[in-house]
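Visitor: I would like a close look at one part of this structure, followed outward into whatever surrounds it. Please take your time over the details.

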Amino acid sequence: MMKIALVGEGIMSIPPEGWGGVEHLIWNFHNQLKKEGDDVTIINTKDLQKIVNTINDGKFDVVHLHYDQYANIIPYLNCKKKMITSHYPYLENPEPQYTFLYDLLKNSGAHIISLSDKIKEEFLRRGIDSTNVSVLPCGIDTNSYVIDDEALYPNRSIVVGKIEPRKRQAYLQKLNLNIDFIGNNTDSSFDISDTCYYGEQSKQDIMDNLTAYANMVLLSAGEAHPFVCLEAMAAGLGLVLSEQSTANLDVDLPFINVIPDTKLNDTDFLRDQIVSNRKTSLTMRKEIRQYCKDNFDWSTIIQKYKEIINKL
């Protein structure tokens, strides 16, 4: 048994009441580690001194910080095994004002947990020792998602996640491609009066009802490892993705279509790819779910996580 501290950003509750991808991830880490018999504490506050005091008073075996911009506290933590993950979505190709994150993590003194091979490659390219970076994809409780043998809406696709410019939902909305949208809206160009928009749904609603669709579309301009792709596959849905949304996936699989950057504005091409993916995915629902279970189920991910910890 290990005593593990998971540190959040302190902006919203863990588990979150609605959206909050990182918060859901931390909560799932907490739950899965406890199932393994570990003593797990979530520390979720903006008060950096409180984080330091809680960890040092708690005598933890492992601390895992899930917010890169708190990296400066790492040297003050009295814990032998320290890890840090950046959830910044553009880490493969950061905007100029965020390139400092690489030096911040490199010099923190913590082992870096990268969300994908591509992100690890970027760390190595920037001079970070390969022994100080490990790759760990997001995990999912596959069996929590309902999968029906047949889709209720075989001619429709779904987009799930916070509606924001980098995910291009407003662009997709204007193309009339039989796509429904779920998520809290933060994009003023997205039309919330559209009958294809269903607002923000609870996690349970998503787990129960995602399987009604043929496939999921995610044309994001930046993703570290999009959890919604795992949710879709757990529910038996195929994927139509931008190049930036493919982390950790085998893009040669027949139920995964990748839209080249040069084709993102080609409406006819997009329509053809989405429709063909629907047809293929509808015949492979069980295979899609099994691929998800074999590669991303928490039972697999948590063992990889412990292997990383044991090597530190």
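Which residue in β3 is the bridge partner of Ile4?

Guide: The bridge partner of Ile4 is Val62, in β3. Before going further, it should be said that this is a predicted model. The pairing to which Ile4 and Val62 belong is that of β1 with β3, which run in the parallel sense over four bridges. On β3 (residues 62-65) there is also a pairing with β4 (residues 81-84), again parallel and again over four bridges, and in that pairing His64 stands opposite Met83 of β4.

The faces of β3 can be read residue by residue: Val62 and His64 lie on one side, Val63 and Leu65 lie on the other, and all four are buried, so that both faces of the strand are covered.

Widening the view, β3 belongs to an open sheet of six strands in the order β2-β1-β3-β4-β5-β6, with parallel pairing. At the edges of this sheet are β2 (39-44) and β6 (133-135), each of which pairs on one side only, and from one strand to the next the twist averages 25°. As general background, the strands of a sheet pair through backbone hydrogen bonds, in either a parallel or an antiparallel manner.

Two helices that pack on this sheet can be described next. Helix α4 (residues 117-125) touches β5 (111-114) and β6, and its direction makes about 165° with that of β6. Helix α10, for its part, touches β1 (3-8), β3, β4, β5 and β6, with a direction that makes about 130° with that of β4.

The contacts of α10 (298-311) also lead to another helix, since α10 is among the elements that cover the buried residues of α9, a group that includes β9 (213-218), α7 (227-234), β10 (238-242) and α8 (267-282) as well. Helix α9 itself (residues 285-296) has twelve residues and reaches 16 Å from its first C-alpha to its last, close to the 16 Å expected at 1.5 Å a residue. Its buried residues are Arg285, Ile288, Arg289, Tyr291, Cys292 and Phe296; seen down the axis of α9, these fall within an arc of 155°, so they line one face of the helix. The general rule behind such a pattern is that an α-helix has 3.6 residues a turn, so residues three or four places apart point the same way.

Two of the strands that cover α9, β9 and β10, take part in a second open sheet, in which five strands follow the order β8-β7-β9-β10-β11 with parallel pairing. Here β8 (179-182) and β11 (256-259) stand at the edges with a single partner strand each, so one side of each is left without a neighbour in the sheet. The twist in this sheet averages 25° from one strand to the next. Its strands β7 and β8 pair in the parallel sense over four bridges, and Val159 stands opposite Phe181 in β8.

The loops on either side of β7 (153-160) deserve attention too. In the loop between β6 and β7 is Ser144, which counts as partly exposed because its relative accessibility is 28%. The side chain of Ser144 is joined to that of Asp141 by a polar contact of 2.8 Å, while the C-alpha atoms of Ser144 and Glu231 are separated by 9.7 Å, although these residues lie 87 residues apart along the chain.

In the loop between β7 and α5 (169-173) is Lys167, which is buried, with a relative accessible area of 13%. Leaving aside residues up to four places away in sequence, Lys167 touches Gly161, Lys162, Leu219, Ser220 and Glu223. That loop between β7 and α5 also holds Arg168, which is partly exposed at 24% relative accessibility and has a positive phi of about 60° although it is not a glycine. A positive phi, near 55°, is found as well in Asn176, a residue of the loop between α5 and β8 that is exposed, with a relative accessible area of 66%.

A final backbone detail leads back to β1, where this account began: Pro15, in the loop between β1 and α1 (21-35), is joined to Ile14 by a cis peptide bond with omega of about 0°. For context, most residues other than glycine have a negative phi, and most peptide bonds are trans.

Notes: Residues are numbered from 1 along each chain as its sequence is written. This is a predicted model: local features need pLDDT of at least 70, side-chain atom pairs count only at pLDDT 80 or more; totals for chains, interfaces and linings use all residues. Side-chain values use heavy atoms; hydrogens and water are left out. The expected span of a helix is 1.5 Å times one less than its number of residues. Buried means under 20% relative accessible area, exposed over 50%, partly exposed in between (1.4 Å probe, protein chains only). The arc is that of the directions from the helix axis to the C-beta atoms. Contact means heavy atoms within 4.5 Å. Two strands pair if DSSP finds at least two bridges between them. Axes are lines fitted to C-alpha atoms, for helices over the stretch in contact, and angles run from 0 to 180 degrees between N-to-C directions. A polar contact is a pair of N or O atoms within 3.5 Å; within protein, one must be able to donate a hydrogen and the other to accept it, and residues adjacent in sequence count only if both atoms are side-chain atoms.
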